[in-house]
Amino acid sequence: SEEMKDKEFRIDFDGVYMDATVWVNGQYLGNHPYGYTPFSFDISKYLKFDESDNVIAVKVNHKTPSSRWYSGSGIYRDVKLQIMNKIHVDLNGVKIETPDLDKNTQNVAVKINTKVVNALNEAKEVKVRAKIFKKGEEATESIGEGISEVRTAEAGKVSDILLNLTANSPKLWDTETPNLYTVRVEVLNGEEVVDTYETDYGFRWFSADKNTGTYLNGKNIKLKGVCMHHDQGALGAAAYKRATERQVEILQNMGCNSIRVTHNPASQVLIDICNEK
């Protein structure tokens with residue numbers, strides 16, 4: 001609508017098989033040959049804000065043979081339309097690290113690096129505020145929060161803003177108790193929150209020894225896994241969440257605790273389910 005002219009618009013594809021070309025309202029955006037990786041386009045300048053339709057066209061050039069397993073064809077993973085303010089967190093723009101977790105699991109040092117986009121024509125003063133709370137619960141029950149110093153976000157550029165805070169006694173993530181937290185990052189211009197970005201996060205660390213094997217959170221574990229292609233058998237290749245969830249549940253009942261995604265990056269759906277299960 002007319003009042004959305006001052007927003008930024010992006011379309012995110014998690015996977016299209018294969019050789020995908022995308023247009024918006026007849027304007028060529030780009031081509032993505034590989035069928036198993038996500039890709040995105042900024043579509044802000046191609047949209048119409050009157051009452052006429054906006055048309056997004058995706059052409060798939062499926063080449064056969066292209067795999068020795070069933071690849072499917074077309075838009076088989078999620079597509080998202082992102083509508084943002086001019087100042088916002090960049091695509092995949094939050095990185096969370098706990099480099100000393102193996103030494104201190106009570107007062108955990110958390111590094112949150114946020115890439116902030118300023119799509120305006122002038123510099124703005126911004127800061128980042130973060131809060132960590134149990135996934136699925138209210139943010140009022142946080143285990144850690146903080147706010148960065150004010151930074152100047154230059155016009156038309158991406159700024160890295162680092163925030164250090166402490167998480168108090170987080171429950172660790174492992175294959176038996178997959179404790180997850182939500183890290184909510186807010187970008188402030190003055191005192192106004194102009195963007196909110198949430199990330200799932202599990203507190204855990206890995207190590208390996210050539211003589212004694214793999215360790216998760218300091219505990220020796222055996223990796224009992226499978227190699228799994230992305231297809232859903234008789235359902236085809238589409239990344240249905242419940243179908244993927246069912247696969248993981250069957251594997252867990254068999255005693256599996258790990259998956260090797262064969263030959264190609266996994267869908268975000270599979271990654272999310274493995275984190276949650």
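## Pockets, a cavity and some unusual backbone spots

Helix 2 gives four residues to the lining of the second largest pocket, the largest share that comes from any element. Keep in mind that this is a predicted model. Below is a quick tour of its open pockets, its one cavity of 30 Å³ or more, a nonpolar patch on its surface, and a few backbone oddities.

**The second largest pocket**

- This pocket has a volume of about 1000 Å³.
- Its lining is made of 33 residues, and those nearest the centre are Trp173, Thr175, Asn257, Ser258 and Cys274.
- Besides helix 2, the elements that give two or more residues to this lining are strand 16, strand 19 (219–221), helix 1 (241–254) and strand 21 (258–261).
- Sorted by class, the lining has 16 nonpolar, nine polar and eight charged residues.

**The largest pocket**

- The largest pocket comes in at about 1200 Å³.
- If you want to find its centre, look for Lys80, Asn92, Tyr197, Glu198 and Gln268, which lie nearest to it among the 36 lining residues.
- Two or more lining residues come from each of strand 1 (8–13), strand 5 (39–42), strand 8, strand 9 (87–97), strand 16 (192–201) and helix 2 (268–276).
- By class, you'll find 14 nonpolar, nine polar and 13 charged residues in this lining.
- Strand 16 and helix 2 turn up here, and they also turn up in the list for the second largest pocket.

**The cavity**

- Rolling a probe the size of a water molecule over the atoms shows where empty space is left.
- The structure holds one cavity of 30 Å³ or more, and the largest cavity has a volume of about 150 Å³.
- There are 18 residues lining the largest cavity, with His229, His230, Ala266, Ser267 and Leu270 nearest its centre.
- That lining splits into nine nonpolar, eight polar and one charged residues.

**A surface patch and a buried threonine**

- Ile56, Val58, Ile75 and Val79 make a nonpolar surface patch of about 290 Å².
- Val79 sits in strand 8 (residues 79–84), and it counts as partly exposed because its relative accessibility is 37%.
- Thr114, by contrast, counts as buried because its relative accessibility is 0%; you can spot Thr114 in strand 10 (residues 107–118).
- Thr114 and Leu162 are 48 residues apart in sequence, yet their C-alpha atoms are 6.4 Å apart in space.

**Backbone oddities**

- Most residues other than glycine have a negative phi, and most peptide bonds are trans.
- The peptide bond from Tyr17 to Met18 is cis, with omega near 0°, and Met18 belongs to the loop between strand 2 (16–17) and strand 3 (20–24).
- Thr64 and Pro65 are also joined by a cis peptide bond, this time with omega at about -5°; Pro65 is in the loop between strand 6 (56–60) and strand 7 (74–75).
- Asn25 has a positive phi, near 50°, and its place is the loop between strand 3 and strand 4 (27–32).
- Asn217 has a positive phi too, near 55°, and you'll find Asn217 in the loop between strand 18 (213–216) and strand 19.
- Are these asparagines buried or partly exposed? Asn25 is partly exposed because its relative accessible area is 23%, while Asn217 is buried because its relative accessible area is 16%. The cut-off that matters here is 20%, and buried means under it.

Key. Residues numbered from 1 in each chain as written. Predicted model: local features only at pLDDT ≥ 70, side-chain atom pairs only at ≥ 80, totals over all residues. Heavy atoms only, no water. Patch = residues over 30% accessible without salt bridge, like charges linked within 9 Å, V, L, I, M, F, W, Y side chains within 5 Å. Areas by Shrake-Rupley, 256 points an atom, 1.4 Å probe, with all protein chains shown as cover. Salt bridge = Lys/Arg side-chain N within 4 Å of Asp/Glu carboxyl O. Buried < 20%, exposed > 50% of the residue type's maximum accessible area, 1.4 Å probe, protein only. 1 Å grid on protein atoms, 1.4 Å probe; cavity = no way out; pocket = protein on both sides within 12 Å on 5 of 7 lines; lining within 4 Å. Points joined across faces, edges and corners; volume = space filled by probe spheres on them. Nonpolar A, V, L, I, M, F, W, Y, C, P; charged D, E, K, R; others polar.
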